[in-house]
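Visitor: I should like a close look at one part of this model, the surroundings of the ligand. Which residues come nearest to the ligand? Please set the answer in the context of the chain.

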Amino acid sequence: MRFSFTPEQDAFRQEVREFLARELPAEGLRHYEDGWITGFSPGFSRKVGARGWIGLTWPTRYGGKARGPMDRLILTEELLRAGAPVAAHWLGDRQVGPALLAYGSEEQKAFFLPRTARGEITFCIAMSEPAAGSDLAALRTVAIEDGHEWVIRGQKVWTSFAHQAQYCYVVARTDPAAPKHKGISEFVVDMRTPGITVRPLIDMLGEHHFNEVFFDDVRVPASALIGQKNRGWYQIASQLDFERGGIERVFSNYPLFHDAVEHARRRGLTRDARLRDRLARLMVDLEAGRLLVYRVAWLLSQGKVPTWETALSKRFGTELEQEIAEVALSIFGLPGLLMPGAPGAPLDGRPARAALYAPAYTLQGGTGNILRNILATRGLGLPAD
Ligand SMILES: Cc1cc2nc3c(=O)[nH]c(=O)nc-3n(C[C@H](O)[C@H](O)[C@H](O)COP(=O)(O)OP(=O)(O)OC[C@H]3O[C@@H](n4cnc5c(N)ncnc54)[C@H](O)[C@@H]3O)c2cc1C
C-alpha cells in the first residue's frame, strides 16, 4: 500500500519542525528521552499551547483547533522525535481532555478544556491501586454520595505527576454492591482539596515522577462526577484506547536511537555486519510501529473506534523501545554485548538511564500480557478463559 500526506499536512510538519528547531535549544532540552513522561516544563507547554497545538482536535469553542487526528499524530510524532519536554500537558491533551469532551458536563468542558489547551493545567491520572493494576475493576477506593458532595476514600499508586498536577482524574467505586465492572465512576478532583496526601515513589533511576496518593475523606462537589454515575468502566474503555494508541508508545526513546546510530557511525562500529544488521532491523521495526500508530489515527479520522489496533501498536512499539534501549547501551558503552570481543568503554549517564527506564515501557498504560489478552479476545475472537 502506498499513501502520502497532503500538502497541508507536509506544511504543518515543517511548521512544527521549525518551531522545535527554534525553541528546544533555548530550553536546553533537546534530545530528551521519555519527554512525555519526564520532560516536565510548564513554560514549554505554554509555548505549545500558545501555538494552538494542545487540544488540536478539540472544537474551537473549547480552545481547540478542530483539526483531524492525522494532524495531531504529525505534531506528536515531531515533538517526540525531537525529544521535546511535553510531560506537563501530555495527559490532559491525550486523555483527560478527550474524556471530558466525550462525557463531561458543559461546565467541566468550559472550565477545563480551554485552560488545558493553553498549557495551564497539568492532570494526573489516579487509576491504579496496590491491589488493582491489570485488574483495574478490582479497585477499592470508594466515593460515597453525601448530599451535594462525594466523599472519596482510598489509596492510589504509581500516580505520575501527582506532585505537580493541579487536577486529578480519579476512578472510584460508587456502588460497592454492584458487580465489579458496574459500580465504578470517574471524577475530576482539585489537588488542593483537603484530605489528599501525595507521597513520592522514587524509581530505580533515583528519579521522582510517580507517587502514592491517599484520599482521606476528600469532599468534592457533585459537579466533580464525569459522565454517568456507575458507568465509569464503559467510559474508561475508550479512554484507555487514547492512552495506548499514540506515537509515544513507539518513539519514547527515538532521540536515543538516532544518537546511537550516529555514535556507532563515528566510532566505526557500523563496519561490523552484526551491528549493521541489528540497526537496520530496528529501523524497519520503527517504521512498522509508526505505521501501526498511523492506522489508529486513520481509524479515528474515519469516525471509527480502534479497539485491538491500539493494543497491537502499544505491544509492538513498547517492546521495540526496550530493544532500542538495549542496543544503545551496547553501542555507547558495552559493544561486547552485541559484538563479542569488541572493547568496552565507560558508560555515560544517558544509555544507562535508558536501559534502567526501559522495563517501564511494557508496564505503564497496561502490561504487554494484558495487551496480548486483548489481541487474543478482541482481535482474534478467542475465548477469554
Ligand atoms: C512508569 C509508570 C507510570 C505509571 N503511571 C501511572 C499513572 O499515572 N496512573 C495510574 O493509574 N497508573 C500508573 N501506572 C501503573 C500501571 O498502569 C500498572 O503498573 C499496570 O497497569 C500494571 O499493574 P500492576 O503494576 O498492579 O501489575 P499487576 O496487575 O499486579 O501485574 C503483575 C504481572 O502479572 C501479569 N498479569 C496480571 N494479570 C494478568 C492476566 N489477566 N493475564 C496475563 N498476565 C497478567 C502482568 O502482565 C504483570 O506482568 C504506571 C506504571 C509505571 C511503570
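**The ligand shell and its setting**

Guide: Of the contacts in the protein chain with a separation of 6 or more, 73% join residues 24 or more positions apart, a contact being heavy atoms within 4.5 Å. The model is predicted, so local features need pLDDT of at least 70 and side-chain atom pairs count only at pLDDT 80 or more, while totals for chains, interfaces and linings use all residues. Residues are numbered from 1 along each chain as its sequence is written, and side-chain values use heavy atoms, with hydrogens and water left out.

The protein chain contains eleven helices and eight strands; these are DSSP runs numbered from the N terminus, helices being H or I over at least four residues and strands E over at least two. Its radius of gyration, taken over C-alpha atoms, is 21 Å, which agrees with the value near 21 Å for a compact globule of 385 residues; the globule rule is 2.2 Å times the number of residues to the power 0.38. Along the principal axes, the C-alpha atoms fill a box of roughly 70 × 45 × 45 Å. Of the 385 residues, 54% are buried, meaning under 20% relative accessible area with a 1.4 Å probe and protein chains only.

Turning to the ligand, there are 19 residues around it, of which I125, S128, S134, W158 and T367 come nearest; a residue is near when one of its heavy atoms lies within 4 Å. Several polar contacts, pairs of N or O atoms within 3.5 Å, can be described. A polar backbone atom of I125 is 2.7 Å from a nitrogen atom of the ligand. An oxygen atom of the ligand lies 3.0 Å from a backbone N or O atom of M127. For T367, the partner is a side-chain N or O atom, 2.6 Å from an oxygen atom of the ligand. Of the 980 Å² of accessible area that the ligand has on its own, the protein covers 64%, as computed by the Shrake-Rupley method with a 1.4 Å probe. Two elements, β7 (208-221) and α11 (368-379), give two or more residues to the shell, and α11 gives the most, with three.

By class, the shell holds eight nonpolar, eleven polar and no charged residues. Here Ala, Val, Leu, Ile, Met, Phe, Trp, Tyr, Cys and Pro count as nonpolar, Asp, Glu, Lys and Arg as charged, and the others, Gly among them, as polar.

Notes: A polar contact is a pair of N or O atoms within 3.5 Å; within protein, one must be able to donate a hydrogen and the other to accept it, and residues adjacent in sequence count only if both atoms are side-chain atoms. Buried means under 20% relative accessible area, exposed over 50%, partly exposed in between (1.4 Å probe, protein chains only).
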